[in-house]
Amino acid sequence: MAHAAPPALPLDAQLEALHDASFGWACRCCNGNPDDAADVLQTCYVKVFAGRAIFHERSSLRTWWFGVIRLTAMELRRRTDRRLSIHDVRDTMTTPAHADNAMLEEESEALLRRALMRLPERQRDVLHLVFYQGLSVADAATVLDVSVGSARVHYDRGKKRLREWLTPLFRDDAPMAGGGAV
Amino acid sequence: MSNNDPDNRMDAPLQRAFDAMRDTDRARTPDFARTR
């Protein structure tokens, strides 16, 4: 006898489960500004619960939801004409000569954040969606409303640049968060 | 990490840095109930 699929959780419960990831993506869409990210996320929740953003199940909930967050962040930027200054890190991207592991871990994260801000926005977005959110390149393409081929190009170029810029940090013997062998 | 990436080994340090960044962000994420 066939069993019916278990009923899906209510939408608010599903969104709550995605909340941490959503805030991370909202931060990315707001150039790292957590206050703007919280505003954007709140606006997105209002849109959903007021029925102004409707999930039609044409993709996964997360893919659709991240698209809503991206568009809402773009609306906020247009409305406020806010362009966050992109810190130019060319002169500051050095690996500390003397630092313990904890310091190196903090530094590696800080360097990554600054390096991401140097990338073109599309490359930054794709890398965030793949490495930070664990999406496939194809799902990242859906979120960003670009072709899979285009997303793949952004992904490859962005990753190549990060590897070049962060080479000292990513040496095989460099301690990193997690500390496993490379 | 993306399953469709053939060079996961080379990506491991990058992945760990992103993981650390995600952990940091998670600690400063506002409550869902307060945000919605």
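This passage describes the helices, the nonpolar core, the salt bridges and two loop residues of a predicted model.

Chain A contains eight helices and zero strands. Along the sequence, its elements follow the pattern α-α-α-α-α-α-α-α. Of the 182 residues in chain A, 41% are buried. Among the contacts in chain A with a separation of 6 or more, 67% are accounted for by residues 24 or more positions apart.

The largest nonpolar core comprises 49 residues. The members that touch the most other members are W25(A), W65(A), I69(A), L112(A), L129(A), L162(A) and F18(B). At least two residues of this core are supplied by each of the following elements of chain A: helix 2 (19-29), helix 3 (34-49), helix 4 (61-80), helix 5 (101-118), helix 6 (121-132), helix 7 (137-144) and helix 8 (148-165). Helix 1 (8-27) of chain B likewise supplies at least two residues. The greatest contribution comes from helix 4 of chain A, which gives eight residues to this core. In soluble globular proteins, nonpolar side chains generally tend to be buried together.

The surroundings of one core member, L129(A), were examined further. When its neighbours within four places in sequence are left aside, L129(A) is in contact with W25(A), F66(A), G134(A), L135(A), A140(A), V143(A) and L144(A). W25(A) thus appears both as a contact of L129(A) and among the core residues that touch the most other members.

The packing of one helix pair was then considered. Two packed helices are described by the angle between their axes and the distance between the axes. For helix 6 of chain A and helix 8 of chain A, the axes come within 8 Å and cross at roughly 90°. Helix 6 of chain A is therefore roughly perpendicular to helix 8 of chain A. On the side of helix 6 of chain A, the contact is made by R122(A), Q123(A), V126(A), L127(A), V130(A) and F131(A). Helix 8 of chain A contributes A151(A), H154(A), Y155(A), R157(A), G158(A), K159(A), R161(A) and L162(A) to the contact. The residues of this contact divide into seven nonpolar, three polar and four charged. L162(A), one of the residues in this contact, is also one of the core residues that touch the most other members.

Over all chains, the structure holds 13 salt bridges. In one of them, the side chains of D25(B) and R113(A) meet at 2.9 Å, N to O. This pair joins two chains, because D25(B) lies in helix 1 of chain B and R113(A) in helix 5 of chain A. D25(B) is buried, its relative accessible area being 4%, whereas R113(A), at 25% relative accessibility, counts as partly exposed.

A second salt bridge is formed by the side chains of K159(A) and D11(B), at 3.1 Å, N to O. Because K159(A) lies in helix 8 of chain A and D11(B) in helix 1 of chain B, this pair also joins two chains. K159(A) is buried, with a relative accessible area of 4%, and D11(B) is buried at 0% relative accessibility. Elsewhere, salt bridges that share partners join E109(A), R113(A), D25(B) and R28(B) into one network. The pair of D25(B) and R113(A) described above thus belongs to this network. K159(A) also takes part in the contact of helix 6 of chain A with helix 8 of chain A.

A further salt bridge lies within helix 8 of chain A. There, the side chains of R152(A) and D156(A) meet at 3.7 Å, N to O. The two residues are separated by about one helical turn, because they are four residues apart in the helix. R152(A) is partly exposed, with a relative accessible area of 24%, and D156(A) is partly exposed, with a value of 36%.

Finally, backbone geometry was considered. Most residues other than glycine have a negative phi. E57(A), a residue other than glycine, has a positive phi near 65°. E57(A) lies in the loop between helix 3 and helix 4 of chain A and counts as exposed at 64% relative accessibility. D145(A) likewise has a positive phi, near 60°. D145(A) is located in the loop between helix 7 and helix 8 of chain A and is exposed, with a relative accessible area of 65%.

Notes
Residues numbered from 1 in each chain as written. Chains lettered and ligands numbered in written order. Predicted model: local features only at pLDDT ≥ 70, side-chain atom pairs only at ≥ 80, totals over all residues. Heavy atoms only, no water. Core = buried A, V, L, I, M, F, W, Y, C linked by side-chain atoms within 4.5 Å. Buried < 20%, exposed > 50% of the residue type's maximum accessible area, 1.4 Å probe, protein only. Contact = heavy atoms within 4.5 Å. Salt bridge = Lys/Arg side-chain N within 4 Å of Asp/Glu carboxyl O. Axes fitted to C-alpha atoms, helices over the stretch in contact; angles between N-to-C directions. Parallel < 35°, antiparallel > 145°, perpendicular 65-115°, else oblique. Nonpolar A, V, L, I, M, F, W, Y, C, P; charged D, E, K, R; others polar.
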